[in-house]
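Colleague: Could you take a close look at one part of this model for me, and then connect it to the rest of the chain? I would enjoy a walk through it at your own pace.

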Amino acid sequence: MAPKKPLAKPQPAPARARAYAIWWNQQKQAIDFSLKRLWFNPISAWITLIAIALALSLPTSMHVLVKNLQSLTHNNQSVPTISLFLKPKVTEQQANDLAELVKSQPEVLNTTVVTRDQALQDFNKISGLADTLKTLGENPLPNIVIITPKLNDLGETDADLDDFSKRLKTYKEVEDIQIDIEWIQRLRAILRIADRIVAVVAALLAVTVLLVVGNTIRLDIENRKDEIRVTRLIGATNRYIRRPFLYGGLWLGLFGGILSLLVVNIALLFLVGPVNKLSNLYGSAFNLGGIDLTTTLEVLVISSALGLVGAWLAVNRYLWENEVVND
């Protein structure tokens, strides 16, 4: 009878896999513990979350409103027009040919020809001087080509607009140009200032969020000071002590960001009706937009990062004060 072969001993798991399993177990424990701490004192947690949400909702709402105003400068249905007043000898057919030629330029969305007769009829309706014009014996108004520009392609500066105007004046049929775009330039200048105001307000309120989270974590550390000392005596490292507090700050920032998005969306719901009514009164197709996916992700990432940084500062300050900052 052949001797039995000894059973092969099970090979130990690779060191890297064991290290990862230990690391993940520590992370999971810290995550579970930090989430439970939020419910340990729900009143304090909700006060902190509301404070964070209010601090984040102001710059978020300002950012959304500025983006909506910026859409006005890109709304091709309500942009101002450029009028080309043609020379008196230019016929209607020549005006139509010029309109087609101008329409081929990348800065132009559409062109419309207003003939001399149409211009005269409109002038009579507006001015009420029909009898006076009849005494002239001849229609003094020229053919007009009205250009609807693409503001995206027209550029952001006065130099871009001047360059486009000079190119239009090179056409031999053009006598004069009238550009009704000054309000867009003023709006763009206002929006540049608004962008900087939003950045300043966001920076100030970001510091506020850091202070709120840091103070909350500092109070939590004070409540667990004896527990931290005991864990230090049994060999816990700074990384182990710091981990649950960092996750606590992360949750405060994340949940505060979610709550701020809820506040902003509710505020926008109150504005949709009045804004749409005002838009209809001006004959515009403008609609108040909400928070898009990109802005939502940005708010959540920034709020989570602020919570994490605030917690890190609070924990490390405690460790430095107790001369245990080195792992």
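**A close look at helix 3 and beyond**

Modeller: Happy to! Let us begin with Ala99, which sits in helix 3. Bear in mind that we are looking at a predicted model. Is Ala99 buried or exposed? With a relative accessibility of 3%, Ala99 counts as buried, because the cut-off for buried is under 20%. In space, Ala99 and Asn110 are 8.8 Å apart from C-alpha to C-alpha, with their positions 11 residues apart in sequence.

Ala99 has company in helix 3: the buried residues there are Ala95, Leu98, Ala99 and Val102. Where do these buried residues fall when you look down the axis of helix 3? They lie within an arc of 105°, so they line one face of the helix. Turn to the other side of helix 3 and you find Gln93 and Glu100, which are exposed. The length of helix 3 also agrees with expectation: its 12 residues should span 16 Å at 1.5 Å a residue, and its end C-alpha atoms are 17 Å apart.

Just ahead of helix 3 there is a loop that is worth a glance. Thr91 belongs to the loop between strand 1 (82-86) and helix 3 (92-103). Thr91 has 40% relative accessibility and therefore counts as partly exposed. Its partner to look at is Thr115, 24 residues away along the chain, with 9.0 Å separating the C-alpha atoms of Thr91 and Thr115.

How far should you trust all this? The protein has an average pLDDT of 79, and 80% of the residues score at least 70. Among the elements, the highest mean pLDDT, 90, belongs to helix 11, while helix 5 (residues 130-134) has the lowest, 57.

Now for the pockets, which I suspect a computational chemist will want to see. The largest pocket has a volume of about 400 Å³. Which residues lie nearest its centre? Of the 22 residues that line the largest pocket, those are Arg37, Asn41, Ser44, Thr216 and Asp220. Helix 1 (15-40), helix 2 (42-72), helix 8 (182-223) and helix 10 (238-281) each contribute at least two residues to this lining. Helix 8 provides the largest share, eight residues. Sorted by class, the lining of the largest pocket holds 11 nonpolar, eight polar and three charged residues.

The second largest pocket has a volume of about 290 Å³. It is lined by 15 residues, and Pro59, Thr60, Ala202, Val299 and Ile302 are the closest to its centre. Helix 2, helix 8 and helix 11 (293-321) are the elements that give two or more residues to the lining of the second largest pocket. Helix 11 gives the most, with six residues. By class, this lining divides into 10 nonpolar, four polar and one charged.

Some of the helices behind these linings deserve a few words of their own. Helix 1 has 26 residues and reaches 37 Å from its first C-alpha to its last, close to the 38 Å expected at 1.5 Å a residue. Its buried residues are Gln27, Ala30, Ser34 and Leu38.

In helix 2 you will find Met62. Met62 is partly exposed, because its relative accessible area is 22% and buried would mean under 20%. Met62 and Ile197 are 135 residues apart along the chain, and their C-alpha atoms are separated by 9.1 Å.

Finally, helix 10 contains Leu262. Is Leu262 buried, partly exposed or exposed? It counts as partly exposed, at 49% relative accessibility, because exposed means over 50%. For a long-range pair, try Leu262 and Ala53: they are 209 residues apart along the chain, and 8.9 Å separates their C-alpha atoms.

Notes:
Residues numbered from 1 in each chain as written. Predicted model: local features only at pLDDT ≥ 70, side-chain atom pairs only at ≥ 80, totals over all residues. Heavy atoms only, no water. 1 Å grid on protein atoms, 1.4 Å probe; cavity = no way out; pocket = protein on both sides within 12 Å on 5 of 7 lines; lining within 4 Å. Points joined across faces, edges and corners; volume = space filled by probe spheres on them. Helix = DSSP H or I, 4+ residues; strand = E, 2+ residues; numbered from the N terminus. Nonpolar A, V, L, I, M, F, W, Y, C, P; charged D, E, K, R; others polar. Buried < 20%, exposed > 50% of the residue type's maximum accessible area, 1.4 Å probe, protein only. pLDDT = per-residue confidence, 0-100. Expected span 1.5 Å × (residues − 1). Arc of directions from axis to C-beta.
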